[in-house]
Amino acid sequence: MPEFLSRLDVYADGRLIAGRTTFPCRLGRMGIRTDKREGDDATPAGTFALREVFYRPDRTARPATGLPVREITQPMGWCDDPARADYNRLIRHPYPGSFEHLWRDDHLYDLVVVIGYNDDPPIPHRGSAIFLHLPGEDATRGCVALAQDDWRTVLASCHPATQITIHPP
């Protein structure tokens, strides 16, 4: 079993450091901000817990990790509607407000870690659905993206007390 990490560090130049290993990552299109707002495409600065892992069982194997793990199913989503009581929470659709589908046609959310940003309790308009996920072709909309093999390496060393610190420039 790998040694558990107490923290991950993410820097504005696109580096995620886990223990003694550095991985390239992608961040929000608008960089890292200390004053994150809903829809600003920025990654929030700060230190946050890693809440749980979601994965698509039809596309990828269950990750080895000390974090809680849950399979993504087709009706799962994440509320990004500041006017809803479920803002920045897991929901099931159909749903009356705005939300992100977790079961996607692309591969971004085949492996997702929920970052504990603005969730205890959620404050409307402060930002939602901040995840660690797989990379697409471009920058993220505020998340941290890491290649799948790198995520699996990092996840194997995570446990419920692991925190992620996202450092502003």
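# A guided tour from tryptophan 151 outwards

Select tryptophan 151 to begin: leaving aside residues up to four places away in sequence, Trp151 touches Leu16, Leu111, Leu132, His133, Leu134, Val144, Ala145 and Leu146, where contact means heavy atoms within 4.5 Å. The structure on the screen is a predicted model, in which local features need pLDDT of at least 70 and side-chain atom pairs count only at pLDDT 80 or more, while totals for chains, interfaces and linings use all residues. Residues are numbered from 1 along each chain as its sequence is written, and side-chain values use heavy atoms, with hydrogens and water left out.

**Stop 1: helix 1**

Next, select residues 148-155, which form helix 1. Helices (H or I, at least four residues) and strands (E, at least two) are DSSP runs, numbered from the N terminus. Colour Trp151, Val154 and Leu155, which are buried in this helix. Buried means under 20% relative accessible area, exposed means over 50%, and partly exposed lies in between, with a 1.4 Å probe and protein chains only. Now look down the axis of helix 1: its buried residues fall within an arc of 95°, so they line one face of the helix. The arc is that of the directions from the helix axis to the C-beta atoms.

**Stop 2: leucine 16**

Which residues does leucine 16 touch, not counting those up to four places away in sequence? Select Leu16 and its surroundings to find Asp9, Val10, Thr21, Thr22, Phe23, Cys25, Val144, Trp151 and Val154. Leucine 16 belongs to strand 2, residues 15-18, and is buried, with a relative accessible area of 0%. A distance drawn from its C-alpha to that of alanine 145 gives 9.6 Å, although the two are 129 residues apart in sequence.

**Stop 3: the nonpolar cores**

Leu16, Trp151, Val154 and Ile164 have the most contacts inside the largest nonpolar core, which has 31 residues. A nonpolar core is a set of buried Ala, Val, Leu, Ile, Met, Phe, Trp, Tyr and Cys residues joined through side-chain atoms within 4.5 Å. To display the elements that give two or more residues to this core, select strand 1 (7-11), strand 2, strand 6 (46-55), strand 11 (111-115), helix 1 and strand 14 (163-166). Strand 6 gives the most, with four residues. A second, separate core has twelve residues, including Phe54, Trp78, Leu108 and Cys143.

**Stop 4: a sheet of three strands**

Strands of a sheet pair through backbone hydrogen bonds, either parallel or antiparallel. Here, an open sheet of three strands has the order 9-8-10, with antiparallel pairing; two strands pair if DSSP finds at least two bridges between them. Strand 9 (90-92) and strand 10 (99-101) are the edge strands, each pairing on one side only. On average, neighbouring strands of this sheet are turned by 40° against each other, direction ignored. Select strand 8 (residues 76-79) as well: strand 8 and strand 10 pair in the antiparallel sense over three bridges. Cysteine 79 has phenylalanine 99, in strand 10, as its bridge partner.

**Stop 5: unusual backbone in the loops**

Where is proline 94 found? Proline 94 is in the loop between strand 9 and strand 10, and the peptide bond leading to it from histidine 93 is cis, with omega near 15°. Move to the loop between strand 11 and strand 12 (131-133), where proline 121 is found. A cis peptide bond joins aspartate 120 and proline 121, with omega about -5°.

Histidine 125 lies in the loop between strand 11 and strand 12. Histidine 125 is not a glycine, yet has a positive phi of about 75°. Alanine 129 has its place in the loop between strand 11 and strand 12 and has a positive phi of about 55°, although it is not a glycine. Are these two residues buried or partly exposed? Histidine 125 is partly exposed at 41% relative accessibility, whereas alanine 129 is buried at 3%.

**Stop 6: salt bridges**

A search of the whole structure finds twelve salt bridges, each a side-chain nitrogen of Lys or Arg within 4 Å of a carboxyl oxygen of Asp or Glu. Select aspartate 41 and arginine 29, which form one with the closest N and O atoms 2.9 Å apart. Aspartate 41 is buried at 10% relative accessible area, whereas arginine 29 is exposed at 56%. Add Arg141 to the selection to show a network of salt bridges linking Arg29, Asp41 and Arg141.

Finally, select glutamate 100 and arginine 104, whose salt bridge has its closest N and O atoms 3.9 Å apart. Glutamate 100 is buried, with a relative accessible area of 17%, and arginine 104 is partly exposed, with 22%.

Notes. Axes fitted to C-alpha atoms, helices over the stretch in contact; angles between N-to-C directions.
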